[in-house]
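Visitor: I should like to learn how to read the features of a protein model. Might we begin with its interior?

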Amino acid sequence: MHAHSRPEAIVVLPDHFHWICTLPDGDADYSTRIMQIKRTFTLRLIDGGIPLQRNSRGEYALWQRRFWEHTIRDETDMQRHVDYIHFNPVKHGVAQSALAWPHSSFHRYVRDGLLSADWGGVSAKTITGRFGE
């Protein structure tokens, strides 16, 4: 992934994020990318004056320590993961609808006409599947 490329889908929640990206051919270094994203995001919050707690290890208690990677197999798999990402704020109870959560690529999908603004409300069918969470 180039430093300025846009993720296919992303959502940032209070303690974790979900992200779909395309890495360059022959590059599967997810660990370094995840580490850099978490570090940069944390430092920008600190620079912005957002108070962050530290855990017993002295690390900022902002992100889950682990991550799961998954290679998208086909268009159906991609759609299921994009839906899961966009529905995640509703699943975790931080928003009543996908539209109500500002930290998501869902808004780009609506703007681009790929999803309707009313997609993913609490009355929507729950997105199910094995996604590593």
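Guide: Let us begin with the nonpolar residues that lie buried together. In this predicted model, the largest nonpolar core comprises 13 residues, and those with the most contacts inside it are Ala9, Val11, Ile20, Val82, Ile85, Trp101 and Tyr109. At least two residues of this core come from each of strand S1 (9–12), helix H2 (75–91) and helix H3 (106–111). The most is given by H2, with three residues.

Visitor: Which residues does Tyr109 touch, not counting residues up to four places away in sequence?

Guide: Tyr109 touches Glu8, Ala9, Val82, His86, Leu114 and Leu115. There is also a second, separate core of six residues, which includes Val12, Phe17, Ile34 and Trp63.

Visitor: How many helices and strands are there in the protein chain?

Guide: The protein chain has three helices and two strands. Read from the N terminus on, their order is β-β-α-α-α. Contacts may then be sorted by separation along the chain. Of the contacts with a separation of 6 or more, 53% are between residues 24 or more positions apart.

Visitor: What share of the residues of the protein chain counts as buried?

Guide: Of its 133 residues, 32% count as buried. The protein chain exposes about 9,000 Å², and carbon and sulfur atoms supply 51% of that area.

Visitor: In which helix is confidence lowest, and in which is it highest?

Guide: Confidence is reported as pLDDT. Helix H1 (residues 30–47) has the lowest, at a mean of 89, whereas H3 has the highest, at 96. Over the protein chain the average is 85, and 86% of the residues score at least 70.

Visitor: How should one read a charged residue such as Lys38?

Guide: One asks about burial, then about partners of opposite charge. Lys38, which lies in helix H1, is buried yet has no salt bridge. The nearest side chain of opposite charge is that of Glu59, 9.7 Å away, whereas a salt bridge requires the charged atoms to lie within 4 Å. Leaving aside residues up to four places away in sequence, Lys38 touches Phe17, Trp63, Gln64, Arg65 and Arg66.

Visitor: Why is Thr71 classed as exposed?

Guide: Thr71 is exposed because its relative accessible area is 57%, and the class requires a value over 50%. Thr71 belongs to the loop between H1 and H2. Apart from its neighbours within four places in sequence, Thr71 is in contact with Tyr30 and Asp77. Its C-alpha atom is separated by 10.0 Å from that of Cys21, 50 residues apart along the chain.

Definitions and conventions: Residues numbered from 1 in each chain as written. Predicted model: local features only at pLDDT ≥ 70, side-chain atom pairs only at ≥ 80, totals over all residues. Heavy atoms only, no water. Core = buried A, V, L, I, M, F, W, Y, C linked by side-chain atoms within 4.5 Å. Buried < 20%, exposed > 50% of the residue type's maximum accessible area, 1.4 Å probe, protein only. Helix = DSSP H or I, 4+ residues; strand = E, 2+ residues; numbered from the N terminus. Contact = heavy atoms within 4.5 Å. Areas by Shrake-Rupley, 256 points an atom, 1.4 Å probe, with all protein chains shown as cover. pLDDT = per-residue confidence, 0-100. Lys, Arg positive; Asp, Glu negative; His and termini not counted.
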